Every structure is written in structure tokens, then in C-alpha cells.
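Let's take a look at this structure together, starting with the whole and then moving on to a few backbone details.

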Amino acid sequence: GYYLDIMNECIYSTSDYSDMVFLRTYSFNKDVDVQFNSTVGKFVGFTEFGVKQAEYLNKDQTSLLQLKAEVDRFCRHNAQNHDSALRDKA
């Protein structure tokens, strides 16, 4: 069988979220093929297939803008909720 995985991640280390990065990673059979990085602002390929996919995906400027906006819509929103819930328990 084959294994396809798409993972969204938010990475940050400061309490004001100024260094927050949104990553969307596409893996096939546990090998990372292509990844969107909000800091870079585009997809980057890691395999021969992934490089071709990145070239194709980077042509869609509307999707790239939507993915860049995920830092605020998805990451910061969830980080603030998560962090406040942890502080309330402390």
C-alpha cells in the first residue's frame, strides 16, 4: 500500500508570536516531497517529484497568498487559545 500524509504545523518560540511560521508538508511513503513555508512564501521540493510539484503549485498566486495568511488565521488563533488555556491551569 501507499501512504500519503499532509501535515500543517505552526512553529514559534516567542510569547508574542512574532517568529511564527506556518508549514504545510506533503509526504509520500514517509518521505517529504514538497513543503510550503510561510517565511519563504512558496513551496519547496525535496524530491524529483516534489520539485516538479513545487514549480506547479507556485504558479497559483492566490493559493500562495491564502497559505501565507494561515499564520494569522490558523496559527496565531490556535496558539493564543492553547496558551491561554495552559496559563489558566497553572
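What follows is a short tour of the fold, the surface, the loops and one hairpin.

**The overall picture**

Please keep in mind that this is a predicted model. The protein chain holds two helices and four strands. Followed along the sequence, these elements come in the order β-β-β-β-α-α. The C-alpha trace measures about 45 × 35 × 20 Å along its principal axes.

Of the 90 residues in the protein chain, 29% count as buried. As for links across the sequence, take the contacts with a separation of 6 or more: residues 24 or more positions apart account for 31% of them.

**Surface and charge**

The protein chain exposes about 6,400 Å², and 53% of that area is supplied by carbon and sulfur atoms. How far apart are the mean positions of the positive and negative charges? With 10 positive and 13 negative charges in the protein chain, the two mean positions lie 3 Å apart.

**Two loop residues with positive phi**

Two loops deserve a stop on the way. Tyr17 sits in the loop between β1 (4-11) and β2 (21-28). Its phi is near 65°, a positive value in a residue other than glycine. Lys30 is found in the loop between β2 and β3 (31-37). For Lys30, phi is near 70°, again a positive value in a residue other than glycine.

Are these residues buried or exposed? Tyr17 counts as buried because its relative accessible area is 7%, under the cut-off of 20%. Lys30, in contrast, counts as exposed because its relative accessible area is 69%, over the cut-off of 50%.

Here are the two residues side by side:

| Residue | Loop | Phi | Relative accessible area |
|---|---|---|---|
| Tyr17 | between β1 and β2 | near 65° | 7% |
| Lys30 | between β2 and β3 | near 70° | 69% |

**The β3-β4 hairpin**

Moving on from Lys30, the next stop is the hairpin. Strands β3 and β4 form a hairpin, with four residues between them. The two strands run antiparallel, and four bridges join β3 to β4 (residues 42-45). Which residue of β4 is the bridge partner of Asn37? That partner is Lys42. In the turn of this hairpin, Gly41 has a positive phi of about 85°.

While you view these strands, one general point may help: side chains in a regular strand alternate between the two faces of the sheet.

Conventions: Residues are numbered from 1 along each chain as its sequence is written. This is a predicted model: local features need pLDDT of at least 70, side-chain atom pairs count only at pLDDT 80 or more; totals for chains, interfaces and linings use all residues. Side-chain values use heavy atoms; hydrogens and water are left out. Buried means under 20% relative accessible area, exposed over 50%, partly exposed in between (1.4 Å probe, protein chains only). Contact means heavy atoms within 4.5 Å. Accessible areas come from the Shrake-Rupley method with a 1.4 Å probe; for residues, only the protein chains shown count as cover. Lys and Arg count as positive and Asp and Glu as negative; His and the chain ends are not counted. The place of a charge is taken as NZ of Lys, CZ of Arg, CG of Asp or CD of Glu. Two strands pair if DSSP finds at least two bridges between them.
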